[in-house]
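Reader: Please walk me through this model in plain terms. I shall interrupt with questions as we go.

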Amino acid sequence: MKSRWHHAMRLLFAVMALTLVLTGCGDPTLSALTPSGPVAESQFWLMKLTFGIMAGVFCVVFILWVYVLLRYRKKPGQTGYPKQVEGNHKLEIIWTVIPFVLLIIMAVPTVTIGFDLEKRYDKAEAMQVNVTAHQFWWEFEYPDLGIHTAQDLYIPTGKKVQFTVTSADVIHAFWIPALGGKIDTNPGDENHIWLQADKPGIYKGKCAELCGAAHALMDFKVVAVDQAKFDEWATKLKTASVTPKTDLAKQGQEVFKKSCIGCHAIGSEGGRLGPNLTDLASRERLAGILPNNAEELHKWLKDPQAMKPGNKMPNLNLPDDQINALVEYLGELKIDYDNGLPKQ
């Protein structure tokens, strides 16, 4: 029995130690505890306020419990019951008023900040971005700039960005933890949220609503750069060249026009059922999760369902020579742009 007890205690200690170590793991750009904008700062302040109040209540209750446990424990020779406090009006008023006051302290800033974050800004006050969630990728439209793109969301620093979010299929949730959020994207409906990045950087985004088999793989990236860098990116994206440079790439372009253009756009031509591919080779990730290189792109084109289960891209069963040509063509879809940020 004693051996079992010692084994259980060792196991408990190991689990506690492992839990403590694992709290230091993770991506700092994918955490609400490292806010990088005014919305995230406000939300983080509310978290600290409520946690501080709850921790204070826990400490007070624990201290009172220990005090009562020691002060009023049964003593040798004691008979009967100690004096009861039932019906003590002062105590009843105190432990009714204190929780009420604490709730008011939490409610007032929560409601105030909530109304502030509900504000909607027009194009004179904020950059407008339309977000459409798909299984399992993200589409971004800049209506005032005439730009459609996917997966990589570029925004200028120090400027409000007004997002209008919706879904093309099922319910998803748009969330950039370091900048604030999250908000549901509902099919047939629009929700609104504004965010702002205070400093240049790359911030990871996620879908925060279980939306299907590849929900956990529905990632995107926010690239926050200064206004000059953003304007440069927007200009280069709008004027990106889609002319193939090699014979193999020309063959790939023909394959694309026959097999892919109904769903994917390059430049101003193509459909919008799948991600816009104008700057595909400039992105660090394929499908939001895979390293962007020829080998991974070949695997994706060979069997997209194996790479991201449940996505809407069918297996076209293309022969290897056509896939190789497509890989060559898509590998040339790159804009000459350097955001100056470290690679992620």
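Author: K182 is a convenient place to start; this residue is found in strand β7, which covers residues 180-185. Helices and strands are DSSP runs numbered from the N terminus, with H or I over at least four residues for a helix and E over at least two for a strand. The model is a predicted one, in which local features need pLDDT of at least 70 and side-chain atom pairs count only at pLDDT 80 or more, while totals for chains, interfaces and linings use all residues. Residues are numbered from 1 along each chain as its sequence is written, and side-chain values use heavy atoms, with hydrogens and water left out.

Reader: What kind of peptide bond joins G181 and K182?

Author: The bond is cis, with omega about 5°. Another cis peptide bond runs from Q135 to F136, with omega near 0°. F136 is found in the loop between β1 (127-134) and β2 (137-142).

Reader: Which residues other than glycine have a positive phi?

Author: A287 is one of them, with phi near 55°, and N317 also has phi near 55°. A287 is found in the loop between β13 (285-286) and β14 (290-291), whereas N317 is in the loop between α7 (304-307) and α8 (320-330).

Reader: And is N317 buried or exposed?

Author: N317 is exposed, at 63% relative accessible area, while A287 is partly exposed at 23%. The cut-offs are under 20% relative accessible area for buried, over 50% for exposed and in between for partly exposed, using a 1.4 Å probe and protein chains only.

Reader: Let us step back. How many helices and strands does the protein chain have?

Author: The protein chain has eight helices and 14 strands. Its C-alpha atoms fill a box of roughly 100 × 60 × 40 Å along the principal axes. The radius of gyration is 28 Å, where a compact globule of 344 residues would have one near 20 Å. That radius is taken over C-alpha atoms, and the globule rule is 2.2 Å times the number of residues to the power 0.38. Of the 344 residues, 38% are buried.

Reader: Where is F163, and what does this residue touch?

Author: F163 is found in strand β5, residues 161-167. With a relative accessible area of 1%, F163 is buried. Apart from its neighbours within four places in sequence, F163 is in contact (heavy atoms within 4.5 Å) with V129, V131, L153, F174, N191, H192, I193 and L195.

Reader: Now charges. How many salt bridges are found?

Author: A search of the whole structure finds ten. A salt bridge here is a side-chain nitrogen of Lys or Arg within 4 Å of a carboxyl oxygen of Asp or Glu. One of them pairs R272 with E139, whose closest N and O atoms are 2.5 Å apart. That pair links distant parts of the chain, 133 residues apart, with R272 in the loop between β12 and β13 and E139 in strand β2. R272 is partly exposed at 44%, but E139 is buried at 7%.

Reader: Which residue forms a salt bridge with K206?

Author: D219 does, with the closest N and O atoms 2.8 Å apart. K206 lies in strand β9 and D219 in strand β10 (residues 219-225), so the pair ties together parts 13 residues apart in sequence. K206 is partly exposed, at 22% relative accessibility. Among the other contacts of K206 are L30, W138 and F174.

Reader: Where do E296 and K299 lie?

Author: Both lie in helix α6 (residues 294-302), three residues apart, about one turn of the helix. Their side chains meet in a salt bridge of 3.8 Å, N to O. E296 is buried at 14%, while K299 is partly exposed at 37%. In addition, D152, K221 and E284 are linked in a network of salt bridges.

Reader: Last topic: which residues form a nonpolar patch on the surface?

Author: I93, V97, F100, V101, I104, I105 and V108 form such a patch, with about 620 Å² of accessible area together. Patches are made of residues with over 30% relative accessible area and no salt bridge, joining like charges within 9 Å and nonpolar side chains (Val, Leu, Ile, Met, Phe, Trp, Tyr) within 5 Å. Accessible areas come from the Shrake-Rupley method with a 1.4 Å probe, and for residues only the protein chains shown count as cover. V97 lies in helix α3, residues 89-117, and is partly exposed at 41% relative accessibility.
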